[in-house]
Amino acid sequence: LMYHGMAGYVEAATRFHGYKRRIEELVERIPELYCPVQADVSIVPIASDTLDIYAVASLLEKRGWSSFTSRDPPLMQICIGEVHARVLDDLLRDLEDSVQELRDNPGTHIEGGAAVYGAAKLLPDEVLSEVMKNYVEVTLKVKPKEKAS
(Lines give C-alpha, C1' and ligand atoms only; values in the text may rest on other atoms or scores of the structure.)
Protein backbone atom coordinates (compact mmCIF):
# COMPACT_ATOMS: atom_id res chain seq x y z
CA LEU A 1 0.00 0.00 0.00
CA MET A 2 2.83 2.39 0.83
CA TYR A 3 4.62 1.71 -2.47
CA HIS A 4 1.68 1.47 -4.88
CA GLY A 5 -0.80 3.70 -3.06
CA MET A 6 -4.51 3.07 -2.73
CA ALA A 7 -5.15 3.15 -6.48
CA GLY A 8 -2.38 0.60 -7.12
CA TYR A 9 -3.65 -1.62 -4.33
CA VAL A 10 -7.23 -1.55 -5.66
CA GLU A 11 -5.97 -2.29 -9.18
CA ALA A 12 -3.92 -5.30 -7.98
CA ALA A 13 -6.77 -6.60 -5.81
CA THR A 14 -9.14 -6.36 -8.78
CA ARG A 15 -6.71 -8.34 -10.99
CA PHE A 16 -6.20 -10.99 -8.30
CA HIS A 17 -9.96 -11.32 -7.85
CA GLY A 18 -10.29 -11.91 -11.60
CA TYR A 19 -7.64 -14.65 -11.47
CA LYS A 20 -9.38 -16.20 -8.47
CA ARG A 21 -12.75 -16.18 -10.25
CA ARG A 22 -11.27 -17.91 -13.32
CA ILE A 23 -9.86 -20.69 -11.13
CA GLU A 24 -13.17 -21.04 -9.26
CA GLU A 25 -15.09 -21.18 -12.53
CA LEU A 26 -12.89 -24.01 -13.78
CA VAL A 27 -13.28 -25.88 -10.48
CA GLU A 28 -17.06 -25.50 -10.80
CA ARG A 29 -16.91 -27.13 -14.26
CA ILE A 30 -14.95 -30.17 -13.02
CA PRO A 31 -17.55 -32.51 -11.46
CA GLU A 32 -15.14 -34.08 -8.95
CA LEU A 33 -13.89 -30.76 -7.52
CA TYR A 34 -15.48 -27.98 -5.51
CA CYS A 35 -14.52 -24.91 -3.50
CA PRO A 36 -15.74 -25.51 0.07
CA VAL A 37 -15.69 -21.79 0.93
CA GLN A 38 -15.49 -18.52 -0.93
CA ALA A 39 -12.09 -17.05 -0.09
CA ASP A 40 -11.76 -13.28 -0.01
CA VAL A 41 -8.99 -12.49 -2.47
CA SER A 42 -5.92 -14.53 -3.12
CA ILE A 43 -6.41 -18.15 -2.04
CA VAL A 44 -8.62 -20.74 -3.72
CA PRO A 45 -9.32 -23.80 -1.55
CA ILE A 46 -10.18 -26.91 -3.57
CA ALA A 47 -11.66 -30.15 -2.27
CA SER A 48 -13.05 -33.39 -3.64
CA ASP A 49 -15.34 -36.07 -2.28
CA THR A 50 -14.44 -38.54 -5.03
CA LEU A 51 -10.77 -37.93 -5.92
CA ASP A 52 -7.75 -37.94 -3.66
CA ILE A 53 -7.07 -34.20 -3.50
CA TYR A 54 -3.46 -34.92 -2.47
CA ALA A 55 -3.00 -36.85 -5.71
CA VAL A 56 -4.34 -33.86 -7.67
CA ALA A 57 -1.84 -31.62 -5.85
CA SER A 58 0.93 -34.16 -6.49
CA LEU A 59 0.18 -34.26 -10.22
CA LEU A 60 0.18 -30.47 -10.35
CA GLU A 61 3.52 -30.44 -8.54
CA LYS A 62 4.93 -32.81 -11.18
CA ARG A 63 3.85 -30.24 -13.76
CA GLY A 64 5.80 -27.54 -11.92
CA TRP A 65 3.09 -25.93 -9.78
CA SER A 66 3.14 -25.30 -6.04
CA SER A 67 0.00 -25.62 -4.00
CA PHE A 68 -0.60 -25.92 -0.31
CA THR A 69 -2.41 -28.87 1.21
CA SER A 70 -4.13 -29.34 4.53
CA ARG A 71 -5.14 -32.40 6.50
CA ASP A 72 -8.38 -31.57 8.26
CA PRO A 73 -10.23 -30.97 6.06
CA PRO A 74 -8.27 -32.45 3.16
CA LEU A 75 -7.77 -29.53 0.78
CA MET A 76 -5.35 -28.12 -1.70
CA GLN A 77 -5.09 -24.36 -1.97
CA ILE A 78 -3.84 -22.28 -4.85
CA CYS A 79 -2.34 -19.00 -3.72
CA ILE A 80 -2.71 -16.27 -6.30
CA GLY A 81 0.00 -13.76 -7.04
CA GLU A 82 1.14 -11.32 -9.69
CA VAL A 83 2.78 -14.13 -11.68
CA HIS A 84 -0.66 -15.53 -12.52
CA ALA A 85 -1.10 -12.74 -15.09
CA ARG A 86 1.39 -14.67 -17.25
CA VAL A 87 0.68 -18.29 -16.31
CA LEU A 88 -3.00 -18.60 -15.42
CA ASP A 89 -4.02 -20.32 -18.66
CA ASP A 90 -1.24 -22.88 -18.19
CA LEU A 91 -2.29 -23.51 -14.58
CA LEU A 92 -5.92 -24.03 -15.55
CA ARG A 93 -4.97 -26.44 -18.35
CA ASP A 94 -2.65 -28.35 -16.00
CA LEU A 95 -5.35 -28.60 -13.33
CA GLU A 96 -7.77 -30.08 -15.88
CA ASP A 97 -5.07 -32.44 -17.17
CA SER A 98 -4.16 -33.53 -13.64
CA VAL A 99 -7.77 -34.39 -12.83
CA GLN A 100 -8.09 -36.31 -16.10
CA GLU A 101 -4.87 -38.20 -15.39
CA LEU A 102 -6.20 -39.13 -11.96
CA ARG A 103 -9.51 -40.29 -13.47
CA ASP A 104 -7.54 -42.49 -15.87
CA ASN A 105 -5.16 -43.72 -13.13
CA PRO A 106 -7.04 -43.71 -9.80
CA GLY A 107 -4.18 -45.45 -7.98
CA THR A 108 -1.73 -42.62 -8.70
CA HIS A 109 1.04 -42.52 -6.11
CA ILE A 110 1.19 -39.28 -4.14
CA GLU A 111 4.64 -37.65 -4.19
CA GLY A 112 6.30 -34.39 -3.21
CA GLY A 113 4.86 -31.97 -0.71
CA ALA A 114 1.34 -33.36 -1.11
CA ALA A 115 2.59 -36.72 0.17
CA VAL A 116 3.25 -35.19 3.59
CA TYR A 117 -0.42 -34.45 4.19
CA GLY A 118 -1.52 -37.54 2.31
CA ALA A 119 0.42 -39.64 4.83
CA ALA A 120 -0.54 -37.36 7.69
CA LYS A 121 -4.21 -38.28 7.40
CA LEU A 122 -3.23 -41.77 8.58
CA LEU A 123 -1.31 -40.71 11.70
CA PRO A 124 -2.69 -40.12 15.20
CA ASP A 125 -2.59 -36.44 16.21
CA GLU A 126 0.15 -36.88 18.83
CA VAL A 127 2.47 -38.59 16.33
CA LEU A 128 1.57 -36.14 13.59
CA SER A 129 2.48 -33.17 15.76
CA GLU A 130 6.06 -34.40 16.18
CA VAL A 131 6.41 -35.45 12.55
CA MET A 132 5.16 -32.07 11.28
CA LYS A 133 7.42 -30.16 13.66
CA ASN A 134 10.43 -32.04 12.30
CA TYR A 135 9.23 -31.66 8.68
CA VAL A 136 8.90 -27.88 9.06
CA GLU A 137 12.32 -27.64 10.72
CA VAL A 138 13.94 -29.56 7.86
CA THR A 139 12.14 -27.80 5.01
CA LEU A 140 12.59 -24.31 6.41
CA LYS A 141 16.20 -24.76 7.51
CA VAL A 142 18.44 -22.01 6.19
CA LYS A 143 21.51 -23.23 4.39
CA PRO A 144 24.66 -21.79 6.03
CA LYS A 145 26.64 -19.38 3.93
CA GLU A 146 29.69 -21.01 2.38
CA LYS A 147 33.06 -19.62 3.39
CA ALA A 148 35.10 -18.02 0.66
CA SER A 149 38.15 -20.07 -0.37
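Which side chains meet in a salt bridge at 2.4 Å, N to O? The side chains of Asp89 and Arg22 do, and they appear in the fifth legend below. The model shown in every view is predicted.

**Figure 1. Overall fold of the protein chain.** The secondary structure consists of five helices and four strands, and along the sequence these follow the pattern α-β-β-α-β-β-α-α-α. The chain has 149 residues, of which 35% count as buried. About 9,700 Å² is exposed by the protein chain, with 57% of that area supplied by carbon and sulfur atoms. Among contacts with a separation of 6 or more, 59% are between residues 24 or more positions apart.

**Figure 2. The four-stranded sheet.** The strands form an open sheet in the order S1-S2-S4-S3, with antiparallel pairing. S1 and S3 are the edge strands, each pairing on one side only. S1, residues 33-34, is joined to S2 by two bridges, and Tyr34 is placed opposite Ala47 of S2. On the S4 side, S2 is held in antiparallel register by four bridges; Ile43 has Cys79 in S4 as its bridge partner. Five of the six residues of S2 are buried, so that strand is mostly covered.

**Figure 3. The largest nonpolar core.** This core contains 29 residues, and those with the most contacts inside it are Ile23, Leu33, Ile46, Val56, Met76 and Leu95. Two or more residues each come from helix H1 (5-29), strand S2 (43-48), helix H2 (53-62), strand S4 (75-79) and helix H3 (84-104). Leaving aside residues up to four places away in sequence, Leu33 touches Val27, Ile46, Ala47, Ser48, Ile53, Leu95 and Val99.

**Figure 4. Phe16 and the salt bridge between Glu82 and Arg15.** Phe16 is found in helix H1 and is buried, because its relative accessible area of 16% falls under the 20% limit. Beyond its neighbours within four places in sequence, Phe16 is in contact with Val41, Ser42, Ile80, Gly81 and Glu82. The C-alpha atoms of Phe16 and Glu82 are separated by 7.5 Å, although the two residues are 66 residues apart along the chain. Glu82 also forms a salt bridge with Arg15, in which the closest N and O atoms are 2.7 Å apart. This pair links distant parts of the chain, with Glu82 in the loop between S4 and H3 and Arg15 in helix H1, 67 residues apart. Glu82 is partly exposed at a relative accessible area of 39%, and Arg15 is partly exposed at 28%.

**Figure 5. Salt bridges of helix H1.** A search of the whole structure finds 10 salt bridges. Side chains of opposite charge can pair when their charged atoms come close. The salt bridge between Asp89 and Arg22 has an N to O distance of 2.4 Å. The pair links distant parts of the chain: Asp89 belongs to helix H3 and Arg22 to helix H1, 67 residues apart. Arg22 counts as partly exposed, at 36% relative accessibility. Within helix H1, Arg21 and Glu25 lie four residues apart, about one turn of the helix. These two residues form a salt bridge whose closest N and O atoms are 3.7 Å apart. Arg21 is partly exposed, with a relative accessible area of 25%, as is Glu25 at 35%. Both belong to a network of salt bridges that links Lys20, Arg21, Glu24, Glu25 and Glu28.

**Figure 6. Ser98 in helix H3.** Ser98 lies in helix H3. Its relative accessibility is 0%, so Ser98 counts as buried. Not counting residues up to four places away in sequence, Ser98 touches Val56, Leu59, Leu60 and Arg63.

**Figure 7. Arg71 in the loop between S3 and S4.** Arg71 is placed in the loop between strand S3 (68-70) and S4. The residue is partly exposed, with a relative accessible area of 23%. From C-alpha to C-alpha, Arg71 and Tyr54 are 9.5 Å apart in space, with their positions 17 residues apart in sequence given as the separation.

**Figure 8. A nonpolar surface patch.** Met6, Tyr9 and Val10 make a nonpolar surface patch of about 320 Å². Met6 lies in helix H1. Met6 counts as exposed because its relative accessibility is 55%, over the 50% limit.

How values were computed: Residues are numbered from 1 along each chain as its sequence is written. This is a predicted model: local features need pLDDT of at least 70, side-chain atom pairs count only at pLDDT 80 or more; totals for chains, interfaces and linings use all residues. Side-chain values use heavy atoms; hydrogens and water are left out. A nonpolar core is a set of buried Ala, Val, Leu, Ile, Met, Phe, Trp, Tyr and Cys residues joined through side-chain atoms within 4.5 Å. Buried means under 20% relative accessible area, exposed over 50%, partly exposed in between (1.4 Å probe, protein chains only). Contact means heavy atoms within 4.5 Å. Patches are made of residues with over 30% relative accessible area and no salt bridge: like charges are joined within 9 Å, nonpolar side chains (Val, Leu, Ile, Met, Phe, Trp, Tyr) within 5 Å. Accessible areas come from the Shrake-Rupley method with a 1.4 Å probe; for residues, only the protein chains shown count as cover. A salt bridge is a side-chain nitrogen of Lys or Arg within 4 Å of a carboxyl oxygen of Asp or Glu. Two strands pair if DSSP finds at least two bridges between them.
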